[in-house]
Amino acid sequence: MTGTSGIKTVLHPVSDLGRAKTVYAALLGVQPQADSPYYVGFEAEGQHIGLVPGGGPQAMTTPVAYWHVQDLDAKLAELTAAGAVVREAAHEVGGGRRVATVTDPDGNVLGLLQDQ
């Protein structure tokens, strides 16, 4: 079995990116490190908090916590063997980062993230 290094990234779907950016900046006490019309990302105390307008191409409707893993493909295989269902197949999102999502038996979305 492969382990994780914990949840370090949480993405939040937002309906108004400008308003959400102001609220999260106040909450976290920092300005965003990434700021574009399709994604705003904050780094605070070892956590990455991302704001995704309209839930993005993943059509997120609730926040998704991303577990950081060393080997995304191996972890996907372990999870599907254990009964999880792939929701979003592994793919690169830039900078050598790969992500995927699965659902557990109750339909909860679990994110997986691997940095190269």
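Buried residues have a relative accessible area under 20%, exposed residues over 50%, and partly exposed residues lie in between. The exercises below apply this scale to a predicted model.

**Exercise 1.** Determine which residue forms a salt bridge with arginine 97, and classify the accessibility of both partners.

*Solution.*
1. The partner of arginine 97 is aspartate 115, with the closest N and O atoms 2.7 Å apart. A salt bridge requires these atoms to be within 4 Å, and the pair is assigned as one.
2. Arginine 97 belongs to strand 7 and aspartate 115 to strand 8 (residues 109–115); the pair links distant parts of the chain, 18 residues apart.
3. Arginine 97 has a relative accessibility of 25% and therefore counts as partly exposed.
4. Aspartate 115, at 42%, is likewise partly exposed.

**Exercise 2.** Establish whether arginine 98 is buried or exposed, and describe its salt bridge with aspartate 73.

*Solution.*
1. The relative accessible area of arginine 98 is 17%, so this residue is buried.
2. Its salt bridge with aspartate 73 has a closest N and O separation of 3.1 Å.
3. The two residues sit in distant parts of the chain, 25 residues apart: arginine 98 in strand 7 (residues 97–103) and aspartate 73 in helix 2 (residues 72–81).
4. Aspartate 73 is partly exposed, its relative accessibility being 43%.

**Exercise 3.** State how many salt bridges a search of the whole structure finds, and explain why the one between lysine 21 and aspartate 35 ties together separate parts.

*Solution.*
1. The search of the whole structure yields 4 salt bridges.
2. One of them joins lysine 21 to aspartate 35, whose closest N and O atoms are 2.9 Å apart.
3. Because lysine 21 lies in helix 1 (residues 17–28) and aspartate 35 in strand 2 (residues 34–36), the bridge ties together parts that are 14 residues apart in sequence.
4. Both partners are partly exposed: lysine 21 has a relative accessibility of 25%, and aspartate 35 has 47%.

**Exercise 4.** Locate glutamine 58, classify its accessibility and identify the residues that it touches.

*Solution.*
1. Glutamine 58 is placed in the loop between strand 4 (47–53) and strand 5 (64–69).
2. With a relative accessible area of 21%, glutamine 58 is partly exposed.
3. Leaving aside residues up to four places away in sequence, glutamine 58 touches Leu11, Val52, Tyr66, Arg87 and Glu88.
4. A separation of 19 Å lies between the C-alpha atoms of glutamine 58 and glycine 95, which are 37 residues apart along the chain.

Technical notes. Residues numbered from 1 in each chain as written. Predicted model: local features only at pLDDT ≥ 70, side-chain atom pairs only at ≥ 80, totals over all residues. Heavy atoms only, no water. Salt bridge = Lys/Arg side-chain N within 4 Å of Asp/Glu carboxyl O. Helix = DSSP H or I, 4+ residues; strand = E, 2+ residues; numbered from the N terminus. Buried < 20%, exposed > 50% of the residue type's maximum accessible area, 1.4 Å probe, protein only. Contact = heavy atoms within 4.5 Å.
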